[in-house]
Amino acid sequence: MKNDYLTIALCKGSLLKPTLAMLAAAGLPSDGVTEDSRNLVFTFAEQGIKYLMCRPTDVPTYVEQGAADLGIVGKDVIVEQQKDVFELVDLGYGACRFVVAVPEALKNLRLMDLNYRRVATKFPRVAEAFFRSQGMQVEVIKLHGNIELAPIIGIADLIVDLVSTGKTLRENKLVELTTIMASTARLISNPVSFRTKFDRIEPLVQVLQKIAKGGKDRADETN
Amino acid sequence: MRNKEIPKGLRDFLPEEMKTRRKMEEKALKLFRSYGYEEVSTPTFEYLEVIEAGTGRNSWEELYLFIDREGRILSLRPEMTVAIARVAATHLREAVFPQRLCYIANVFRHVQPQKAQYREFWQMGIELLGASGAWADAEVINIAVETLHSMGLDNFKISLNQIGIFNSLLAGSGLEEEEKRLVRRLVENKDLVELGRVLNNARIADDLKEIIARLPVLHGGIEILDRLGPVEKNRQAAQAVAELGKVYDALKAYGVNDHIVIDMGVLRGLDYYTGIVFEGYSSELGYGLLGGGRYDNLLQQYGFPCPATGFAIGMDRLALVLKGPDEEAVRFLVGGTDWESVVEKARELREQGYIVETDVEQCTREELAAKAAKKGNCRVLFIE
């Protein structure tokens with residue numbers, strides 16, 4: 001954590017484009033920042049800004065450890081990791097949901113009927129916490145990808161997964177039983193940076209809050 | 001080879017590290033003593049009831065618990081303030097108050113080990129017992145600042161708050177107990193997104209919502225207290241604000257206010273704090289260095305009502321931000337063919353204050369020179 005720079009960890013992948021647009025709107029540099037480069041650190045000496053290009057799941061770790069002062073990452077990653085970071089702004093984009101989904105044949109079941117079943121997921125903490133909060137117990141099977149396959153090949157009865165449009169679920173003949181929580185991109189901060197670099201972070205929080213709120217208002221209008 | 005393992009989150013300290021750590025201890029103890037604080041030591045483990053009476057049930061998951069042969073539950077100490085409160089309430093009731101105590105001790109918490117977070121770690125701290133009021137708080141906070149200075153650290157901030165502000169606002173809010181706990185956690189973790197949502201749905205006055213939403217980001221000089229908004233409606237909150245101002249003013253006498261930041265988001269996790277609370281941060285480490293505050297109700301738990309305030313510094317975190325060890329002292333390696341004169345010469349040099357190793361292997365001059373070259377700042381004396 002270099003004192004004179006504000007270091008921001010950014011997610012590679014689908015969040016990057018809207019993130020860069022948001023940063024540009026907030027007056028931060030973004031020229032030439034891309035994931036299609038070997039470069040993983042982008043330094044803007046004049047503005048005192050550094051970006052770290054990371055895998056989404058690494059962003060909370062970078063921020064918790066103080067390698068980055070701030071990070072922009074989905075709420076889905078934050079809840080699964082439970083790192084000690086401050087969550088400052090809901091940036092509004094990158095919307096997706098954690099859902100419980102079952103094969104079409106089971107779509108008339110109630111949630112309670114799934115007690116003691118096997119749940120395949122990439123998000124064991126979220127899944128475990130959700131079923132516990134419902135007073136249920138399930139066997140959580142952690143997989144690293146292709147969760148939709150688990151019920152088809154019979155290693156799980158249901159899944160907990162992240163969906164944005166629901167297309168993948170439909171293609172695999174799965175139906176949503178219930179939504180666990182909604183997720184959007186968030187600005188997170190290292191707790192110490194928030195205090196030692198408050199003079200730089202606080203104005204940025206204000207600006208981003210304003211931009212995010214504007215975006216939401218516009219979206220509400222079009223709806 | 002399992003017999004080489006040590007439990008997760010624990011560490012060995014090798015000579016170089018121990019040198020740094022002992023120096024830190026010496027500097028801290030010297031400073032504490034110069035303010036009249038006397039060192040005490042308490043058992044490494046205590047009955048669970050003792051710990052729980054102090055810290056509540058919140059940190060139960062972090063305790064190392066075990067059962068003794070009489071069937072009582074024991075806990076490795078997770079911190080020192082509770083033990084000192086117990087000692088003061090049992091053995092030191094007749095002392096002249098205020099009573100100033102200090103300690104350096106290892107404490108144990110079952111946390112996820114990572115950088116700057118270990119399952120056994122060391123705390124250096126002070127407790128000022130039997131004094132209420134701003135001057136007592138200011139003395140303790142100033143010693144925290146001076147301790148960091150004495151270690152050669154300059155680039156740090158102390159975040160200061162009075163939890164009575166938050167607690168009284170919340171108490172008068174009409175929120176359910178569970179909602180209060182939730183709001184408290186959200187303010188403490190600066191989860192602004194969730195806090196906004198919870199407050200939005202809460203059935204409390206709008207101006208109060210606004211103040212609570214602003215608390216986590218109220219951070220700056222003493223002037224931010226003016227931006228707090230209409231707290232006067234809540235008499236206790238207004239009193240707490242006034243007290244915070246008094247402590248800030250009292251700190252001016254020490255000339256340390258450059259390091260002090262008012263931070264309404266600092267609530268400290270422990271239940272026993274009742275007034276002023278503070279935390280120390282260095283921009284070189286992503287984790288807090290020290291924490292403390294006023295705990296006027298804790299000693300009462302052990303049958304001895306008595307106001308108190310104090311702080312603890314995490315020695316292991318401090319070690320991470322300190323520069324390398326000071327200049328090595330000169331050491332001698334004394335050898336020779338005549339054992340008696342070797343021993344005599346070594347004694348003479350030690351009396352002059354040097355560190356002296358005697359050659360016990362009957363090495364030649366050249367062999368000793370080779371060994372000395374591998375050590376730092378080591379001179380050979382070979383007696384023919």
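A residue counts as exposed here if 12 or fewer other C-beta atoms lie within 10 Å of its own, and as buried if there are 20 or more. With that in hand, helix H4 of chain A, in this predicted model, is a handy place to start. The helix spans residues 124-133, and its buried residues are Val126(A), Ala127(A), Phe130(A) and Phe131(A). These four sit on the same side of H4(A), because the arc they cover around the axis is only 120°. That fits a simple bit of helix geometry: an α-helix has 3.6 residues a turn, so residues three or four places apart point the same way. Turn to the face of H4(A) that looks away from the buried side, and the exposed residues Arg132(A) and Ser133(A) show up.

What do the buried residues of H4(A) pack against? Their partners in chain A are helix H3 (75-81) and a run of strands, namely E6 (96-103), E7 (118-121), E8 (139-142), E9 (158-163) and E10 (174-183). Just after H4(A) comes Gly135(A), with a positive phi of about 75°.

Next, the nonpolar cores. In soluble globular proteins, nonpolar side chains tend to be buried together. The largest nonpolar core here has 120 residues, and the members that touch the most others are Val89(A), Leu91(A), Ile188(A), Ile126(B), Ala144(B) and Leu169(B). The top contributor to this core is helix H4 of chain B (residues 134-150), which gives eight residues. Apart from that core lies another, made of 23 residues, including Phe130(A), Val99(A), Ala120(A) and Leu158(A). Leaving out residues up to four places away in sequence, Ile188(A) touches a string of chain A residues, among them Pro60(A), Val63(A), Leu70(A), Ile78(A) and Phe86(A).

Over in chain B, two helices pack together. Helix H2 (residues 48-55) and helix H3 (residues 81-91) of chain B have axes 9 Å apart and meet at an angle of about 105°. Since angles of 65 to 115 degrees count as roughly perpendicular, that is how H2(B) lies to H3(B). On the H2(B) side, Val50(B), Ile51(B), Gly54(B) and Thr55(B) meet Val82(B), Ala85(B) and Arg86(B) of H3(B). Sorted by type, the residues of this contact are four nonpolar, two polar and one charged.

Finally, the two chains meet. Chain A puts 18 residues into the contact and chain B puts in 19. On the chain B side, the elements giving two or more residues are strand E7 (156-162), helix H7 (192-201) and strand E9 (260-263). That side of chain B is a mix of seven nonpolar, six polar and six charged residues.

How values were computed: Residues numbered from 1 in each chain as written. Chains lettered and ligands numbered in written order. Predicted model: local features only at pLDDT ≥ 70, side-chain atom pairs only at ≥ 80, totals over all residues. Core = buried A, V, L, I, M, F, W, Y, C linked by C-beta atoms within 7 Å. Contact = placed C-beta atoms within 7 Å. Nonpolar A, V, L, I, M, F, W, Y, C, P; charged D, E, K, R; others polar. Axes fitted to C-alpha atoms, helices over the stretch in contact; angles between N-to-C directions. Parallel < 35°, antiparallel > 145°, perpendicular 65-115°, else oblique. Arc of directions from axis to C-beta.
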